[in-house]
Amino acid sequence: MKPTAKELKIIQRMQPGVITLSGFLGSDTRALNEVIADDAAQLNRLGKTAEEIAARMEYFTQKSWNSYLDGELVDGKYQVKTDVYRGKLPCPFGHIGVYRKALTTLTNTANGLSVTWTSLNTHMIGSHGFFEGEGSPFHLDPQILVRALFE
Amino acid sequence: MDISAFLLFWAAVFTSNILLTNFLGMCSYLSVSKEVESSLGLGVAVTFVLVFTTALNWLAHHYILVPLNIVYLEYIVFIIVIAAFVQLLELIVERYAPALYYTLGIFLPLITVNCAIFGVSLFMVIRNYNFLQSIAFGAGSGLGWLLAILMLAGIRAKLKEKLIPAGLQGVGISLIVTGIMALAFVGFSGVAPIQ
Amino acid sequence: MLATIFKDIGALTAISGLLAVVLVLAERIFNNYGQCKININGKRDIEVKGGNNLLASLSDKQIYLPSACGGRGSCGACKCKVLEGGGPLLPTEKPFLSKAELAAGVRLSCQIKVKSDIAVEIPDSIFNIRRFDATIAEIIDYTHDTKGITFVLEPGESIDFKAGQYVQLLTEPYAKVRQRVSRAYSISSKPEDKDRLQLIIRLVPEGICTTWVHQYLKVGDKVSFTGPYGDFYLRDTDADILFVAGGSGKAPIKSILEHLEVVGTQRKMTYFFGARTLKDLYLTEEMRALEKVFPDFHYEPVLSQPAPDDNWSGKTGYVMRHFPDVIRDPQNTEAYLCGSPGMIDAVIKALTGLGVAKDKIYYDSFG
């Protein structure tokens, strides 16, 4: 399917050097809607919705917000730390608003999985079902993410 | 139509007031009538533009549209002529009469889209006025419009201190007042029928 | 049939064309006011082409009065004082101006046309915002991810700013980045150095501007920035001061302290810098040296997780727990905070808990 004018605009904003240095699509050769559709199918198999995952990510970011230097052990087994850098970024999908450059790193001490996300990741997963293209610096694999967040 | 230009002028002011009998030019009438001073400025500007655009449009109609057999394009032509004239007038007034510009000039862009101006040009054609009649009709309509907006502005100034139900404040009460004013003016209509 | 169509279209085109020509000529003749001079605050004259409104004429010269409606006279934000040459007050301005403003000659700059020489007064905070070109004179590595970069303005240029304010650095296209972006960084040098300024920039993962600064810029490169912006600056009172910083938040406080070093102060000042380990500390020597300059100033780096081989003997934990030891009168204490929003939130909570008034806590929380 040919991308619409709106999609082309989104894809343009996802290119390297427009919003972030390396962009959002990485080395992925699939079309944007295929990336989203493939991840949606995978979420289906995992039995989680994108909204649930985003809410869980936001929960951890909030929990670690005030222990800005050392991070926090949340719910006994999630080691979480959030680093905030100066500035805010817009959403490539054209949503109104900007998102902090806040990097949350979570290590699940039960299974040893570790993931890092930004405020923009949380928004893009929750509102657009977008986990970024493969090879992108902040690409999140839905399966690993679900295991790290929920197991 | 054989009606003297003098009679036509007074008829246009009172008995066939463009605003109160045809309800043309309502938008700026309602929005600007909040203040007497601005109403006067806008009314003068409307009168001035009306005189000139009816004259220009009369010439355009009789010397361009009719000979070329393109009367059906008169809507477009009239609008372009009005817009261009207003623009030109604004430039000239601003340059050579700054004092006038500050009292009247800022209303000129509002007038481009005032339907009373366009309406007068159309009536002039439909009623087949000659050149002199057209100018008299234009001037009279302008003064009539000025009269109507001044009256409303005066009444609205008084209404400010009155208790008016919330839903009727602003445009609501203005329309009711306008309706009552129109009733009064219709009383004159038998004196000098022009249509 | 076809001939009629062409004739009618031709006639209509000719009429509109003629009117357009008349208007174009009229515009040339009547709307030509030649070159006009705008005098700003009695300090600077700028030459503009007459005929445009004041707001647009000023922004052509990089003086940006605030405007939310884009000059359509509906927001009333673009007010400025017109001392001379503004012409009479317009009905379109009146609703936006108070009695006091009318008396003072305040006007709506988007409604006034520049038709002759004109003199205006603009708040210094706006007047000072400009675009500057500069050359990099020095790059210092403060920590593994933080650099201090000194920019020298073009010869003859000078910048007026308050210690604590920030500038927006404009990037040039580099590597895969094809467009220019602008990013805000606090000024870390003192305002008395008017021909130069220093920024402290911490590398942001995937950051377009910080990557450019850290990996591509070198001494001698030319860059541009706009500014100064911001209302985080030192208030001139006698109250005790508590500075709290984390990460790259050291920059504005360094500027404030160096400014105080020049003008001198008797105020009691304490500076807490919160970090994780010893390798996150920087500028320690400089701050220690300042302790000897002021009569009552203490620099307190606080480490939350000192590494065993740091041999740390200073304060530990989070900065908040050390506040009670240094606040002698919460009613008479001002706090200046700069750091991550998490730190700011936690510090404000701790300070208000100790009785420091909320409106005496000034902060810059990373935009």
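The exchange below goes through a predicted model with chains A, B and C.

Colleague: What should be known about numbering and confidence in this model?
Modeller: Residues are numbered from 1 along each chain as its sequence is written, and chains are lettered from A and ligands numbered from 1 in the order in which they are written. Because the model is predicted, local features need pLDDT of at least 70 and side-chain atom pairs count only at pLDDT 80 or more, while totals for chains, interfaces and linings use all residues.

Colleague: In what order do the elements of chain A run from the N terminus on?
Modeller: Helices (H or I, at least four residues) and strands (E, at least two) are DSSP runs, numbered from the N terminus. Chain A has five helices and four strands. Their order is α-α-α-β-β-β-β-α-α.

Colleague: Does the span of helix α3 of chain A agree or disagree with 1.5 Å a residue, and how far apart are its end C-alpha atoms?
Modeller: The expected span is 1.5 Å times one less than the number of residues. For the 15 residues of α3(A), residues 50–64, that gives 21 Å. The two values agree, the end C-alpha atoms being 22 Å apart.

Colleague: Within what arc do the buried residues of α3(A) fall?
Modeller: A residue is buried if 20 or more other C-beta atoms lie within 10 Å of its own, exposed if 12 or fewer, and partly exposed in between, with C-beta atoms placed from the backbone. In α3(A), the buried residues are A:Ala50, A:Ile53, A:Ala54, A:Met57, A:Phe60, A:Thr61 and A:Ser64. They line one face of the helix, because seen down its axis they fall within an arc (of the directions from the helix axis to the C-beta atoms) of 125 degrees.

Colleague: Which element gives the most to the side of chain B that touches chain C?
Modeller: Two residues are in contact if their C-beta atoms, placed from the backbone, lie within 7 Å. By that test, 17 residues of chain B are in contact with 17 residues of chain C. The elements of chain B that give two or more residues to this side are α4 (36–65), α5 (74–96) and α6 (98–104). With nine residues, the one that gives the most is α5(B).

Colleague: How many residues of each class are on the side of chain C that touches chain A?
Modeller: Here 27 residues of chain C are in contact with 20 residues of chain A, and α9(C) gives the largest share, five residues. Ala, Val, Leu, Ile, Met, Phe, Trp, Tyr, Cys and Pro count as nonpolar, Asp, Glu, Lys and Arg as charged, and the others, Gly among them, as polar. The side of chain C divides into 10 nonpolar, 10 polar and seven charged residues.

Colleague: Over how many bridges does β7(C) pair with β10(C)?
Modeller: Two strands pair if DSSP finds at least two bridges between them. Strand β7 (residues 146–153) is joined to β6 (residues 130–143) of chain C by eight bridges, antiparallel, with a hairpin through two residues. With β10 (residues 196–202) of chain C, β7(C) also pairs in the antiparallel sense, and the number of bridges is seven.

Colleague: Is C:Glu206 buried or exposed, and how many other C-beta atoms lie within 10 Å?
Modeller: C:Glu206 lies in the loop between β10 and α5 of chain C. Its phi is positive, about 65 degrees, although it is not a glycine. C:Glu206 is buried, and the number of other C-beta atoms within 10 Å is 21.
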